[in-house]
Amino acid sequence: MLDSASKALFHLLAQNTTLKSLSSRFAMQRRASFVHRFVPGETVDAAIRAARVLEANGLTETFDHLGEGVTTLDEAVAATRDYLAVVRAIMEAGVERNISLKLTQLGLDVDRASAVDNLRKILELAEPAGFFVRIDMESSRYTEVTLEIFETLWQQGSRQIGVVLQSDLRRSESDVQRINALGARIRLVKGAYREPKSVAYPKKTDVDAAYARMMKFLITDGHYPAIATHDPAMIELARQWAKEHNVAADRFEFQMLYGIRRDLQAMLVASGYRVRVYVPFGRDWFPYFMRRLGEHPANVGFVMRGIFSEGG
Ligand SMILES: Cc1cc2nc3c(=O)[nH]c(=O)nc-3n(C[C@H](O)[C@H](O)[C@H](O)COP(=O)(O)OP(=O)(O)OC[C@H]3O[C@@H](n4cnc5c(N)ncnc54)[C@H](O)[C@@H]3O)c2cc1C
């Protein structure tokens, strides 16, 4: 109950444009800002610095230049230009070549063909340079179109791309079969968006059970799947399942978000597993940050303590 109520509240806040512009002006300017726990900074240089620390500790990363829901083609073109600059900066820095992006950041809400063109421009630079490009999954409004675009690019020869499926959506078990049949890499998550009961399981126990079923399938039959969760029970189940089915630790990877369950990230690396950390950065951090608060009410306490200890 608390889960869905807090998710709902923070989703409303995430969409509030006044809060969004106020927050991006103030919160990140403070060096010790509470936002930094989840978002290392606004610039690619800040993200690369964070990535170097992760790599020094045996982790890998995927970079996400934050942005979503652009409403004009000019904004989509600017977001694409920014992403191309990010790709070049990552190449120059010599860190892991792996990025995550959202189709609504590239203009999907404005014009589907333009969003695909924008994505192609990024792939044209990134793929030959050895990048892996993950298309994040947004709310259920975008599931079908995201998968269709992914399939088109795959059919046209892109192979260093992957997609995300959410266990809270009823359709995902069949989508897992559909995307896995291509031979593509799937990142499995529980789902960060507030969804109607008609398309999503309202009970967390059902979301978790669906996650466990898809995770088991992907570990034994998937193509280097990403088990993206901070849930210790699910992580333990993944390890057990892989062991019982003789799936080596390098045939899949765990993924977690920057700043969340760093203890688990370190424990998995120490136990010989691959762990990739999602490193979000950029000025448009507010909706991402609100989703993190909404999925874990204890974070609100963390933020409140941060605000008071920073004197404001
Ligand atoms: C690498 C990565 C990429 C993702 N990409 C997408 C995507 O493309 N689309 C999408 O819809 N969702 C995405 N998500 C978010 C995902 O859908 C969940 O909302 C999020 O991971 C929380 O679910 P959980 O699996 O960690 O488990 P939960 O059952 O929600 O949480 C299990 C435990 O993890 C810890 N935890 C979870 N969330 C937090 C938090 N915010 N702060 C502190 N502790 C926390 C707590 O200890 C909690 O008890 C991604 C997540 C990861 C890790």
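# Parallel barrel: β7, S100 and three loop residues

N246 sits in the loop between α9 and β7; helices (H or I, at least four residues) and strands (E, at least two) are DSSP runs, numbered from the N terminus. The model is a predicted one, in which local features need pLDDT of at least 70 and side-chain atom pairs count only at pLDDT 80 or more, while totals for chains, interfaces and linings use all residues. Residues are numbered from 1 along each chain as its sequence is written, and side-chain values use heavy atoms, with hydrogens and water left out.

**Overall figures**

The protein contains 12 helices and 8 strands. It has 312 residues, of which 54% count as buried (under 20% relative accessible area; exposed is over 50%, partly exposed in between; 1.4 Å probe, protein chains only). About 14000 Å² is exposed by the protein, and carbon and sulfur atoms supply 54% of that area; the values come from the Shrake-Rupley method with a 1.4 Å probe. Of the contacts (heavy atoms within 4.5 Å) with a separation of 6 or more, 73% are between residues 24 or more positions apart.

**The barrel**

The 8 strands close into a barrel in the order β1-β2-β3-β4-β5-β6-β7-β8, with parallel pairing. Direction ignored, neighbouring strands of this sheet are turned by 25° against each other on average. Two strands count as paired if DSSP finds at least two bridges between them. Strands of a sheet pair through backbone hydrogen bonds, either parallel or antiparallel.

Strand β1 (residues 60-65) pairs with β8 in the parallel sense over 6 bridges, and T62 of β1 has Y278 in β8 as its bridge partner. Helix α4 (residues 73-93) packs on the sheet and touches β1, β2 and β8. The direction of α4 makes about 155° with that of β1; axes are lines fitted to C-alpha atoms, for helices over the stretch in contact, and angles run from 0 to 180 degrees between N-to-C directions.

**Strand β7 and its two neighbours**

Strand β7 covers residues 253-257, and 5 of its 5 residues are buried. Both of its faces are covered: E253, Q255 and L257 lie on one side, F254 and M256 on the other.

On one edge, strand β6 (residues 226-228) runs parallel to β7 and is joined to it by 3 bridges. A226 stands opposite E253 in this pairing. Strand β8 (residues 275-281) also pairs with β7 in the parallel sense, over 4 bridges. Here Q255 has R276 as its bridge partner.

Each of these pairs is also connected through a helix. β6, helix α9 (residues 232-244) and β7 form a right-handed β-α-β unit, and β7, helix α10 (residues 262-270) and β8 form a right-handed β-α-β unit as well. A crossover is right-handed if, with the strands pointing away from the viewer, the path from the first strand over the helix to the second runs clockwise.

**S100 in strand β2**

S100 belongs to strand β2 (residues 98-101). With a relative accessible area of 0%, S100 is buried. Leaving aside neighbours within four places in sequence, the contacts of S100 are T62, F63, D64, H65, Y83, R134, D136, R187 and Y278. The side chains of T62 and R187 also make polar contacts with the S100 side chain. A polar contact is a pair of N or O atoms within 3.5 Å; within protein, one must be able to donate a hydrogen and the other to accept it, and residues adjacent in sequence count only if both atoms are side-chain atoms. The table lists polar contacts of S100 and S271.

| Side chain | Partner | Distance |
|---|---|---|
| S100 | T62 side chain | 2.9 Å |
| S100 | R187 side chain | 3.1 Å |
| S271 | M267 backbone oxygen | 2.8 Å |

**Loop residues**

Most residues other than glycine have a negative phi, and most peptide bonds are trans. Y224 has a positive phi, near 45°, and N246 has a positive phi near 55°. Y224 lies in the loop between α8 (204-221) and β6. Y224 counts as buried because its relative accessibility is 18%, whereas N246, at 70%, counts as exposed.

S271 is in the loop between α10 and β8. Its relative accessible area of 38% makes S271 partly exposed. S271 and A249 are 22 residues apart in sequence, and their C-alpha atoms are 9.7 Å apart in space.
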